[in-house]
Amino acid sequence: MADDFSVKTVNPFDPEGDRVEVVIPGDLITRQYKYSSVDWHNLRAVKFVLENPLRIFKGVRDYETGGYCYVGRPPEWHIREKVVVPFPKRLVYAVYVNPNMRLYEHRAEKAAADDPLCPVDWADRYGALLWTPRS
């Protein structure tokens, strides 16, 4: 099994304070390497989004209180094995972490018309928009 990996990101409790670590579980890394090489390669996109978030949402999980969605736009991503392309403007990359700051999902989602840095239906899907970077 692979070791856990961690990435420092904006603290959802104190965005102006020290960064916190999000853990990318080793078993998730191994599972994606074995069964979904595109997702495994897109862990680079996860790292980019966590280091450079454009939006943070809270309240993303119905069955477990808490959780966060970090959203950003990586410069590129894998769409197939060995095919890397620029990340499209019509999408955002969503990185989902549980209340213990452990990654459990990541994927590209359609961008919202009302805020192209948010996923579609963000106001209905999440408890609240928690953070945006200062201009």
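Start with helix H3, which gives 3 residues to the lining of the largest pocket, the largest share from any element. What you have open is a predicted model, so keep that in mind as we go.

**Stop 1: the pocket**

Select Phe5, Ile24, Ile29, Trp40, His41, Leu43, Arg44 and Lys47 together, and you have the lining of the largest pocket. The volume of this pocket is about 150 Å³. Two elements, helix H2 (37-41) and H3, give two or more residues each to the lining. Try colouring the lining by class: 5 residues are nonpolar, 1 is polar and 2 are charged.

**Stop 2: His41**

Stay with the pocket lining and pick out His41, which belongs to helix H2. Is His41 buried or exposed? His41 is buried because its relative accessible area, 13%, is under the 20% cut-off. Now show its contacts: leaving aside residues up to four places away in sequence, His41 touches His78 and Glu81. For a distance to draw in the viewer, take Val7, which is 34 residues from His41 in sequence and 16 Å from His41 in space, C-alpha to C-alpha.

**Stop 3: the sheet**

Next, bring up the strands. Five of them form an open sheet in the order S8-S7-S4-S3-S9, and the pairing is antiparallel. Which strands sit at the edges? They are strand S8 (103-110) and strand S9 (128-131), each of which pairs on one side only. As you rotate the view, note that neighbouring strands of this sheet are turned by 30° against each other on average, direction ignored.

Helix H3, residues 43-51, comes back into the picture here: H3 packs on the sheet and touches S4, S7 and S8. The direction of H3 makes about 85° with that of S7.

Then zoom in on one pair of strands. Strand S4 (residues 68-72) and strand S7 (residues 91-97) run antiparallel to each other and are joined over 5 bridges. To find your place along the pair, select Val71 and look across to Ala94 in S7, which stands opposite.

**Stop 4: Ile56**

Move over to strand S3 (residues 55-58) and select Ile56. With a relative accessibility of 0%, Ile56 counts as buried. What does Ile56 touch, not counting residues up to four places away in sequence? Its contacts are Val10, Pro12, Tyr68, Cys69, Tyr70, Ala128, Leu129, Leu130 and Trp131. Keep Tyr70 selected for a moment: Ile56 and Tyr70 are 14 residues apart in sequence, with their C-alpha atoms 4.6 Å apart in space.

**Stop 5: two residues with positive phi**

Finish in the loops, with some backbone angles. Most residues other than glycine have a negative phi. Select Lys82, in the loop between strand S5 (76-80) and strand S6 (83-86). Lys82 is not a glycine, yet its phi is positive, at about 65°. Lys82 is also exposed, with a relative accessible area of 74%.

Now go to Met101, in the loop between S7 and S8. Met101 likewise has a positive phi of about 65° without being a glycine. Is Met101 buried or exposed? Met101 is buried, with a relative accessible area of 9%. Show the two residues side by side to end the tour: Lys82 is exposed, whereas Met101 is buried.

Notes. Residues are numbered from 1 along each chain as its sequence is written. This is a predicted model: local features need pLDDT of at least 70, side-chain atom pairs count only at pLDDT 80 or more; totals for chains, interfaces and linings use all residues. Side-chain values use heavy atoms; hydrogens and water are left out. Two strands pair if DSSP finds at least two bridges between them. Helices (H or I, at least four residues) and strands (E, at least two) are DSSP runs, numbered from the N terminus. Axes are lines fitted to C-alpha atoms, for helices over the stretch in contact, and angles run from 0 to 180 degrees between N-to-C directions. Contact means heavy atoms within 4.5 Å. On a 1 Å grid over the protein atoms alone, a cavity is a set of points where a 1.4 Å probe fits but cannot get out, and a pocket is an open set with protein on both sides within 12 Å along at least five of seven lines; lining residues have an atom within 4 Å of a point. Grid points are joined across faces, edges and corners, and a volume is the space filled by probe spheres set on the points. Ala, Val, Leu, Ile, Met, Phe, Trp, Tyr, Cys and Pro count as nonpolar, Asp, Glu, Lys and Arg as charged, and the others, Gly among them, as polar. Buried means under 20% relative accessible area, exposed over 50%, partly exposed in between (1.4 Å probe, protein chains only).
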